[in-house]
Amino acid sequence: MKKKLCSAVIVCCMLATMLPMASAANSDQVTVMGTVLTNGMGWNNDGSTTASGSQDNDIYFADGVLYLSGADITTEGTALSVPNGITVEINGENYIHATGDAAAVVCNANGDQGTAGDVVLRGGEKSENGMLEVYSDADGMVNRAENTALEIQDASVSVYSAHTGVGTPGELRITGSGMLAAESKTCCISSGWMTVGEYAAVYADSEAGANGQAISCAGLDSAGFISAKGDAGAISGAGNLTITGGTVEAQVRRNAQAAALYTADGAVATNGLYVHAGVSSLDAAQVTDFDSNAKNYRYAVITTDPNWLEWQNGFEDVSADAWYTEYVKYVNEHGLMQGRSTIEFAPNASITRAEAVQLMYALSTNYWEQYGLDSGETATFADVPAGSWYEKPVSWAGGNEVVKGVGDNMFEPKENISRQQFAQVLYAFASRLGYDVSATADLSQFSDGADVSTWAQEAMQWAVGAGIMHGDDFGQLNSHNSLSRAEAAVMMQGLIAYTLGH
């Protein structure tokens, strides 16, 4: 069953790249929003073109090189159509926003005619590691020619799409210091053979549904860094998946039948590297006999550096001997809480209601086997704007009855959450999942135990009895005090320890 399922996902993703062919193009021209640029012609963001353009244009084509220099394109159809054998040089920051059913960027647009050639996206001399971001309501970037390569070389390419992020029936190469990031609701990356160089990086994250595959390829050779996360699959290949260096992290969030690294007809070769695997990163342990066909590892880390598996404390405000350090370590290394910046965790800062809900959403989403909660219901609140970073977590939490509003269809996402409110959130979450919430404690042991609100009594008794919440050095619960980020870390670790029995 598992082999048929994963094979079906590969076929589905590969078919997404086989789009109808565009009108024929010549190798000495490219098309921008339907406007044909020939050798030496430039295009500007206002739609004007110059027959005697220069590389000062937003987009300029000359001698087989398409120069992108600060382009910002919004279009209802295909933004760029690049013929065979063209190099795209990326300078500065470039953005493409495409709506409609057409792919945003089409490479090898005339791949069915004549001799096809590789299309290379490279960082330009003006701006090393130039950046291109593509947003699409359909497919993001597709290469239509078989037996060719789509290469990202010393450039940063990010694709956010509703369907296939990057799709090519030919080879996909990320070389030099190239970086490819793809987020999609179906297949993030669908390709023929995929190669990731030593200094290159790939990030793929696919959401929801039976086709929520992060990377689907004919085979893989990687010496660089890959992070692949998908609701239905992480990395799936028809042939060998070979990791010769660097680090590969693969995670399946929801589909219990899918392996993190799966090959239909090949093998996963780790070449003596360090391998940790399990159902999730919560229970991952080192393994020596990695076989994706025999063992259903839904989470796997393969790395040349054993230190990568150890948490590195980069927070200047989290000292080695602080009372909360072990808890900060736990929630940070398991992806539940990030710092307020790369060097600041802000352990004493208060946590907002939106941030508290995000914690529960991250726990449920990343550790679906243990904490997956989705009733299919959502909730909307008048003070939760559409498109805000907390819209989805709050909607999920409200729909699953993990949280309630404060009345009048309001949620107050930016207000600080109190200790008793967060205990109520954890209690509701554990109850909805069917975990035992019978533990209880006498709150009168605390000098301020009588201050606990009536509606929070049961949740607070459970949280204290389960060892999730503790009093302070003065024997007080401080139930109405704002919850600090350090305290949130303690309670999250306590919840996991209580529900999983460790």
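**Valine 159**

I began with valine 159, which in this predicted model sits in strand S16, residues 156–161. I looked up its accessibility and found valine 159 buried, with a relative accessible area of 0%. Leaving aside neighbours within four places in sequence, I listed its contacts as Val134, Gly140, Met141, Gly165, Val166, Ala181, Ala182 and Glu183. I also checked serine 184, which stands 25 residues from valine 159 along the chain, and the two C-alpha atoms are separated by 8.2 Å.

**Asparagine 44**

Next I turned to asparagine 44, which I placed in the loop between strand S3 (41–43) and strand S4 (49–50). Is asparagine 44 buried or exposed? At 19% relative accessibility I have to count asparagine 44 as buried, because the cut-off for that class is under 20%. Not counting residues up to four places away in sequence, asparagine 44 touches Thr50, Asn57 and Asp58. From asparagine 44 to aspartate 72 I noted 9.1 Å, C-alpha to C-alpha, for a separation of 28 residues in sequence.

**Whole chain and confidence**

I then stepped back to the protein as a whole, for which I counted 8 helices and 31 strands. Of its 502 residues, 55% count as buried. Among contacts with a separation of 6 or more, I found that 61% are accounted for by residues 24 or more positions apart.

For confidence, I noted a mean pLDDT of 88, with 90% of the residues reaching 70 or more. I marked residues 1–25 separately, since pLDDT stays under 50 over that stretch, although the model has 51 contacts beyond four places in sequence for it. Where pLDDT is low, the predicted coordinates should not be read in detail. I have therefore kept the contacts of residues 1–25 as a bare count.

**Cysteines**

How many disulfides does the structure hold? I found 0 disulfides, and I looked at cysteine 188 to see what keeps its sulfur unpaired. The closest cysteine sulfur is that of cysteine 187, and at 7.9 Å it is too far for a bond, because a disulfide needs the two sulfur atoms within 2.5 Å. Cysteine 188 is buried, at 0% relative accessible area, and I found cysteine 217 buried as well, at 1%.

**Helices H2, H3 and H8**

In H2 I noted Thr325, Val328, Tyr330, Val331 and Asn332 as buried, and what covers the buried residues of H2 includes H8. Just after H2, I saw that glycine 335 takes a positive phi of about 75°.

I followed H8 to its contact with H3. The axes of helix H3 (residues 353–366) and helix H8 (residues 485–500) come within 12 Å and cross at roughly 30°, and I recorded the crossing as right-handed. Which residues make this contact? I listed Leu359, Met360 and Leu363 from H3, with Ala488, Met492, Leu495 and Ile496 from H8. Sorted by class, the contact of H3 with H8 has 7 nonpolar residues, no polar ones and no charged ones.

**Arginine 353 and glutamate 412**

I came back to H3 for arginine 353, whose place is in that helix. Arginine 353 is buried, with a relative accessible area of 9%. Beyond its neighbours within four places in sequence, I found arginine 353 in contact with Lys404, Gly405, Val406, Phe411, Glu412, Pro413, Glu415, Asn416, Ile417 and Gln421. I also looked up serine 418, which is 65 residues from arginine 353 along the chain, with 8.7 Å separating the two C-alpha atoms.

Since glutamate 412 is among the contacts of arginine 353, I checked that residue too. Glutamate 412 lies in the loop between helix H5 (391–399) and helix H6 (419–432), and I noted it as partly exposed, with a relative accessible area of 36%. Its phi is near 55°, a positive value in a residue other than glycine.

**Alanine 346**

My last entry is alanine 346, where phi is near 60°, again positive in a residue other than glycine. I placed alanine 346 in the loop between helix H2 (325–333) and H3. Is this alanine buried or exposed? Alanine 346 counts as buried, at 11% relative accessibility.

Technical notes:
Residues are numbered from 1 along each chain as its sequence is written. This is a predicted model: local features need pLDDT of at least 70, side-chain atom pairs count only at pLDDT 80 or more; totals for chains, interfaces and linings use all residues. Side-chain values use heavy atoms; hydrogens and water are left out. Buried means under 20% relative accessible area, exposed over 50%, partly exposed in between (1.4 Å probe, protein chains only). pLDDT is the predictor's confidence in each residue, from 0 to 100. Contact means heavy atoms within 4.5 Å. Axes are lines fitted to C-alpha atoms, for helices over the stretch in contact, and angles run from 0 to 180 degrees between N-to-C directions. Helices (H or I, at least four residues) and strands (E, at least two) are DSSP runs, numbered from the N terminus. A crossing is left-handed if the near helix is turned anticlockwise from the far one by less than a right angle, and right-handed if clockwise. Ala, Val, Leu, Ile, Met, Phe, Trp, Tyr, Cys and Pro count as nonpolar, Asp, Glu, Lys and Arg as charged, and the others, Gly among them, as polar.
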